[in-house]
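Me: Could you take me through one part of this protein in detail? I'd like to look closely at the salt bridges and at the strands and helices around them.

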Amino acid sequence: MQTRLKRFVDERTQLLAAISHDLNTPLTRLRLLAEDLSDGRQRDQVLSDISEMEMMIQSSLAFARDDSHQEPSVSVDIASLLISVCDTVSDAGQPARYRGPDHASLSCRPGAMRRAIGNLVDNGCKYGATVVVELEASDDTVEIRVKDQGPGIPEEDREKAFAPFQRLETSRNRQTGGTGLGLPIARDIIRSHGGDITLQNGRNEGLIVTVRLPRPDTSARPRTA
């Protein structure tokens with residue numbers, strides 16, 4: 001049964017990859033044609049739609065492949081990783097600040113973890129003016145909170161936010177774009193590390209995304225500099 005299920009998933013992933021590859025050619029042609037449009041407003045709209053289609057294709061393919069699970073786990077400085085994510089986002093023009101200790105070790109798949117936290121910060125930047133990433137580390141747990149200043153998500157809709165391709169139009173503005181895969185990918189990565197993600201609205205405004213991760217083998221974990 002497991003072999004058949006794996007074959008089924010692999011075949012669907014290969015099909016999606018083939019579709020993604022085949023769509024690149026017509027999208028490239030459309031992009032070239034759009035560049036020649038004399039109406040600047042129309043040209044910008046068409047190019048924006050093409051970029052959104054390309055993003056949806058790549059996100060869907062990455063979600064189907066789920067390459068992050070193949071990465072080995074190593075001990076990383078999770079504080080430095082969070083600071084790096086905030087710096088990258090800030091350099092792109094979206095305010096993101098870090099609050100927490102200068103160093104904290106965590107055994108994880110660093111590329112996957114960076115992708116998960118990056119998705120959460122990107123979501124916050126889309127819906128709120130400023131994002132704050134907070135870190136608290138105890139002997140057995142790491143807690144990461146990503147806070148934005150957006151409209152938040154009603155309690156009854158929070159589980160829906162984790163469904164692939166789900167967009168909560170009543171609470172989050174569609175003009176922000178996106179494929180609806182940011183939160184599902186982030187939760188999948190965090191849960192594969194033995195942790196979980198919860199959502200709650202802030203006391204005054206905004207959404208607080210809380211990530212809790214275990215820190216196993218604390219007695220053997222080396223001290224961070």
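Reply: Happy to. This is a predicted model, and it holds nine salt bridges. A good place to begin is R145, which forms a salt bridge with E134, with 3.0 Å between the closest N and O atoms. R145 belongs to strand β5 (residues 141–147) and E134 to strand β4 (residues 131–137), so this pair ties together parts that are 11 residues apart in sequence. Both R145 and E134 are buried.

E134 has another partner as well: its side chain meets that of K147 in a salt bridge of 3.2 Å, N to O. This pair also links distant parts of the chain, since E134 is in strand β4 and K147 in strand β5, 13 residues apart. The surroundings of these two residues can be compared with the cut-off of 20% relative accessible area, under which a residue counts as buried. E134 has a relative accessible area of 10%, so it is buried. K147, with 27%, is partly exposed.

Moving along to strand β7 (residues 207–214), R212 makes a salt bridge with E143, and the closest N and O atoms are 3.0 Å apart. Because R212 lies in β7 and E143 in β5, the pair ties together parts that are 69 residues apart in sequence. R212 has a relative accessibility of 40% and therefore counts as partly exposed, while E143, at 17%, is buried. Through shared partners, salt bridges join R99, E134, E136, E143, R145, K147 and R212 into one network.

The strands carrying these residues are also paired through their backbones. β5 and β7 run antiparallel and pair over seven bridges. Within this pairing, R145 stands opposite T210 in β7, so to speak of R145 is to speak of a residue with both a salt bridge to E134 and a place facing β7. β7 also has strand β6 (residues 196–201) as an antiparallel partner, joined to it by six bridges. There, D196 has R212 as its bridge partner in β7; R212 is the residue whose side chain forms the salt bridge with E143. The β6 and β7 hairpin has five residues between its strands, and G206 in this hairpin takes a positive phi near 85°. β7 itself is mostly covered, with six of its eight residues buried.

Now for the helices. Helix α5 (residues 182–192) has eight of its 11 residues buried, so it is largely enclosed by the rest of the structure. The buried residues are G182, L183, P184, I185, A186, R187, I189 and I190. After α5 comes G194, with a positive phi near 85°.

One neighbour of α5 is helix α4 (residues 110–127): the two axes come within 9 Å and cross at roughly 145°. The crossing of α4 past α5 is left-handed. On the α4 side, the contact is made by A112, M113, R115, A116, N119, L120 and N123, and on the α5 side by G182, L183, I185, A186, I189 and I190. Sorted by type, the residues of this contact comprise nine nonpolar, three polar and one charged.

Conventions:
Residues numbered from 1 in each chain as written. Predicted model: local features only at pLDDT ≥ 70, side-chain atom pairs only at ≥ 80, totals over all residues. Heavy atoms only, no water. Salt bridge = Lys/Arg side-chain N within 4 Å of Asp/Glu carboxyl O. Helix = DSSP H or I, 4+ residues; strand = E, 2+ residues; numbered from the N terminus. Buried < 20%, exposed > 50% of the residue type's maximum accessible area, 1.4 Å probe, protein only. Pairing = 2+ DSSP bridges. Axes fitted to C-alpha atoms, helices over the stretch in contact; angles between N-to-C directions. Left-handed = near helix turned anticlockwise from the far one by under 90°. Contact = heavy atoms within 4.5 Å. Nonpolar A, V, L, I, M, F, W, Y, C, P; charged D, E, K, R; others polar.
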